[in-house]
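Work through the exercises below with the sequence and the coordinates open. Each task is followed by a solution in steps.

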Amino acid sequence: MELSNIVDEIVDWIPSINYNSSDQQLSVFETTIRYLGGMISGYDLLTGPLAHVASNASAVQVLLAQSVNLADALKYTFDTPTGIPHHSLFLDSHSYKEGFDNSIASVGTVQIEWQRLSDLSGNPEYGNLVQKSASYLLNPESEVWPGLLGVKLDFRDGHFTDLAGGWGASSDSFYEYLIKMYVYDSSRYKIYRDRWILAADLTMKHLASQSPTKPGLTFLASFRNQTIHRWSGHLNCFAGGNFILGGQVLDRQDYIDFGLKLVDGCHATYNSTLTGLGPEGFGWDPNHVPENQQG
């Protein structure tokens, strides 16, 4: 939108934020993708293609400085036996939420932001922290199918605590970021590409599912111990775009075609409601139709 007055207001306000203190529980994942990712993206844009939008170019540097301050405040979350971060923390007491596991989405959806911060700041610590934790996902000790992982892993030993998953909540953005890390730097992150291809291929083989009552629609099923559950939700709907992105980057028309099928399926779930709002979750197993929805 290139609204200079709004950009200037934001850039002037960000230095006032104290990222070393909060009286609320913080999700490391949410804080990373929104606060850290937002400031780093703003910095890249305002020192790059949108440099003309900010009135005071020197003030833009605070976005990078505050990104470093926020990462420094959060980085103790990686202080575990494996380097896999805690899910949530309390900054004021330097403590953590109780429990010993974290999801693959939380662990595997911070790499771009923290690695980009290292590349911009020249401090390799941030990237090293997230690459170490990602190693448990890139070289997992167990897989449901090659490339497809359980949802939870124990940060004390890196072992998975379940064998359930899919492309929905707590798993979704891990698969999303695999191909995006390769897009970010194809020379350094070929292993991310390879793991995405493996996950994509096995997803097409095992999780692609057609509705028996809505022929032609394709959805992504979930799984538990290689048992398929014909259940999905709106959070899964990003997968169509992710397959299309992967197909464009890798010059694979089969991924693009599959992604378009997933988009059509999700579009149908939105288009079938009176409001045009898609359901939080939906299923297509005729043996598990809720009684009040049976025809």
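## Exercises on surface and charge pairs

A nonpolar surface patch of about 440 Å² is formed by M1, L3, I6 and I10. The model is a predicted one, in which local features need pLDDT of at least 70 and side-chain atom pairs count only at pLDDT 80 or more, while totals for chains, interfaces and linings use all residues. Residues are numbered from 1 along each chain as its sequence is written, and side-chain values use heavy atoms, with hydrogens and water left out.

**Exercise 1.** Place I6 in the secondary structure and classify its exposure.

*Solution.*
- Patches consist of residues with over 30% relative accessible area and no salt bridge; like charges are joined within 9 Å, and nonpolar side chains (Val, Leu, Ile, Met, Phe, Trp, Tyr) within 5 Å. Areas come from the Shrake-Rupley method with a 1.4 Å probe, and for residues only the protein chains shown count as cover.
- I6 belongs to helix α1 (residues 4-13). Helices (H or I, at least four residues) and strands (E, at least two) are DSSP runs, numbered from the N terminus.
- I6 has 39% relative accessibility and counts as partly exposed. The classes are buried (under 20% relative accessible area), exposed (over 50%) and partly exposed in between, with a 1.4 Å probe and protein chains only.

**Exercise 2.** Which parts does the salt bridge between R188 and D119 tie together?

*Solution.*
- A salt bridge is a side-chain nitrogen of Lys or Arg within 4 Å of a carboxyl oxygen of Asp or Glu. The structure has 13 of them.
- For R188 and D119, the N to O distance is 2.7 Å.
- R188 sits in the loop between α7 (172-184) and α8 (190-206) and D119 in helix α5 (residues 111-121), so the pair joins parts 69 residues apart in sequence.
- R188 is partly exposed at 39%, and D119 is partly exposed at 31%.

**Exercise 3.** Is R195 buried or exposed, and where is its partner E143?

*Solution.*
- The side chains of E143 and R195 form a salt bridge at 2.7 Å, N to O.
- E143 is in the loop between α6 (125-138) and β5 (152-154) and R195 is in helix α8, so parts 52 residues apart in sequence are tied together.
- R195 is buried, with a relative accessible area of 10%, whereas E143 is partly exposed at 32%.

**Exercise 4.** Locate both ends of the salt bridge between D201 and R252.

*Solution.*
- The closest N and O atoms of D201 and R252 are 3.9 Å apart.
- D201 lies in helix α8 and R252 in the loop between α9 (238-250) and α10 (253-271), 51 residues apart.
- D201 is partly exposed at 33%, as is R252 at 28%.
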